[in-house]
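Colleague: Could you walk me through the charged pairs and one of the helices here? I have the viewer open.

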Amino acid sequence: MPAQKLADRNAFTIDTGNLSKHIELMLKRHVNSSSELTAAFAKFAKDRDVNQNQLDFSSDPIALSSGDLGEFSKSSDIKTTLKLFLPTFSPEYAATAVRMALEHLELSSLFQVILQFPEAQDEMDDPTWLAAVLGVWQPLEKLVDAGKILYLGVSDIDLERLRMLCEAANEPPKIEHYSIDGCCTVPQELVEYAKAHDIQILTHPDSRSFELGDEFMAEGQKLLGDALLPFGPAWVARYTIWLNSRSVMASKGYLVHFERK
């Protein structure tokens, strides 16, 4: 039983597997990543109910579907992006997520890692914000030095804070993931700064705060049962693997790390 398997654990990770193999998920237009992840949990909960599929609760991460995630790992023609959604500025979360992704996807390195910082950053003054960000950023810089990450990036920070991070970091961000939710253009000053500092601006439809709300937890409970109740999501990592030569998305999925409340 799931409750028995998880009762002695303080944390566990769920891997959705390769969602690009599930046509019904890929054809649906999701508002953002949190809605896509919720829809994936709902699908797997329904499939498990119909087919009586059994999850392996002794594995880590616990795989919701078989995705053959390592099938592209030996190819030199891939580009892998990991976007981390962090609800807190916990220094160990980002590095742990990168190491888990590398191991689980059977990759020697990631092309780029993009960080979305917690919504609490909006209430911080600049010195406090920078200290918190560097606490997360510096462990990743060590992974850049070790050849595990090629480029680091950030999501939805304004020009002044982007400048602060670039000036303080040993490995400044090379990507700004900019949300077009609620607007349609990137500020010209940000465009000019990015161009002058070799920063690539990529747009995305996600909201500026990543929240897994009651609907996600309800679908999670359908999937995992009451065993999920003592736990809450600690971080989420979305991985995307592209075949460069054909500009084809070969794999896309999520790692969701839960910790006991």
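Modeller: Happy to! Let me start with a term: buried means under 20% relative accessible area, exposed over 50%, and partly exposed in between (1.4 Å probe, protein chains only). This is a predicted model, where local features need pLDDT of at least 70, side-chain atom pairs count only at pLDDT 80 or more, and totals for chains, interfaces and linings use all residues. Residues are numbered from 1 along each chain as its sequence is written, and side-chain values use heavy atoms, with hydrogens and water left out.

Colleague: Thanks! How many salt bridges does the structure hold?

Modeller: A salt bridge here is a side-chain nitrogen of Lys or Arg within 4 Å of a carboxyl oxygen of Asp or Glu. By that criterion, the count for the structure is eight.

Colleague: Which residue does E24 meet in a salt bridge?

Modeller: E24 is partly exposed, at 46% relative accessible area, while its partner is buried at 13%. Helices (H or I, at least four residues) and strands (E, at least two) are DSSP runs numbered from the N terminus. E24 sits in helix 2 (residues 23-27) and the partner in helix 3 (residues 33-51), so the contact ties together parts 19 residues apart in sequence. At 2.7 Å, N to O, the partner is K43.

Colleague: Which residue joins E24 and K43 in a network of salt bridges?

Modeller: The network links E24 and K43 with one further residue. That residue is D47.

Colleague: How far apart are the closest N and O atoms of E36 and K252?

Modeller: E36 is buried at 8% relative accessibility, and K252 is buried too, at 15%. The pair links distant parts of the chain, with E36 in helix 3 and K252 in strand 9 (residues 248-260), 216 residues apart. The closest N and O atoms are separated by 3.0 Å.

Colleague: Is D126, the salt-bridge partner of R161, buried or partly exposed?

Modeller: R161 itself is buried, with a relative accessible area of 10%. R161 lies in helix 6 (residues 159-168) and D126 in helix 5 (residues 126-145), so their salt bridge connects parts 35 residues apart in sequence. With 35% relative accessibility, D126 is partly exposed.

Colleague: What distance does helix 4 reach from its first C-alpha to its last?

Modeller: Helix 4 (residues 91-105) has 15 residues. The expected span is 1.5 Å times one less than the number of residues, which gives 21 Å for helix 4. The model comes close to that, reaching 23 Å.
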